[in-house]
Amino acid sequence: KTFLGVAPEFVALHHRRTGSRVFLHIRRTRTEVPQGEEKPTVLGIGVEGGFSPDKKYTFNDTYQVFVYDPSGRVEGTAPPGKFYPYPDPNYPSLVEASVSEIIKRQSAAASDDVAVWEDAEPKIISKYAEDLVQLNNGVKVPPKGWKCAES
């Protein structure tokens with residue numbers, strides 16, 4: 001009926017409110033991709049000398065269809081029901097269409113990442129900045145572990 005994300009502890013509540021019993025369970029595993037350690041020299045993404053848009057991780061998604069069984073609900077435990085592997089040719093066409101649409105929309109959202117960006121605008125220096133003097137107030141702030149001073 002809907003394309004909502006529901007955490008396992010709220011499946012029973014969602015079922016009481018909507019009557020939905022069929023859910024898509026998505027499990028994403030992350031694997032680190034080894035990369036070279038080059039420091040960027042230009043403020044930019046995807047340009048020479050800038051930050052690399054290459055992913056540091058690869059993701060592998062597995063899908064299962066979960067059918068909730070409200071008769072076996074015990075408070076404080078995982079929702080009762082059964083997981084079925086996806087894809088399965090025996091699914092009804094409505095379930096198959098819903099699952100494939102969710103997967104398609106999820107992958108379209110992932111492709112909207114920024115591919116290239118560069119800060120190419122020249123920096124405008126204010127006429128007041130040339131003669132601006134930085135006063136020494138006698139306080140040195142360390143890069144780590146600093147605390148607010150009482151005023």
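This briefing covers a three-stranded sheet, the helix packed on it, and one residue, H25. The model is predicted. Its open sheet runs in the order β1-β3-β4, and the pairing is antiparallel. H25 belongs to strand β1.

**The sheet**
- Strands of a sheet pair through backbone hydrogen bonds, in a parallel or an antiparallel way.
- Here three strands form an open sheet with antiparallel pairing.
- β1 and β4 (81-85) are the edge strands. Each has a single partner strand, so one side of each has no neighbour in the sheet.
- From one strand to the next, the twist averages 35°.

**The β3 and β4 pair**
- Strand β3 covers residues 57-68.
- Five bridges join β3 and β4 in the antiparallel sense.
- Y68 has G81, in β4, as its bridge partner.

**The helix on the sheet**
- Helix α1 spans residues 11-18 and packs on the sheet.
- Helix α1 touches β1 and β3.
- The direction of α1 makes about 55° with that of β3.

**Residue H25**
- H25 sits in strand β1, which spans residues 22-32.
- H25 is partly exposed: its relative accessible area is 26%. Buried would require a value under 20%, and exposed a value over 50%, so H25 falls in between.
- Leaving aside neighbours within four places in sequence, H25 is in contact with T62, Y63, Q64 and F83.
- V6 lies 19 residues from H25 in sequence. In space, the two are 9.5 Å apart, C-alpha to C-alpha.

Key. Residues numbered from 1 in each chain as written. Predicted model: local features only at pLDDT ≥ 70, side-chain atom pairs only at ≥ 80, totals over all residues. Heavy atoms only, no water. Helix = DSSP H or I, 4+ residues; strand = E, 2+ residues; numbered from the N terminus. Buried < 20%, exposed > 50% of the residue type's maximum accessible area, 1.4 Å probe, protein only. Contact = heavy atoms within 4.5 Å. Pairing = 2+ DSSP bridges. Axes fitted to C-alpha atoms, helices over the stretch in contact; angles between N-to-C directions.
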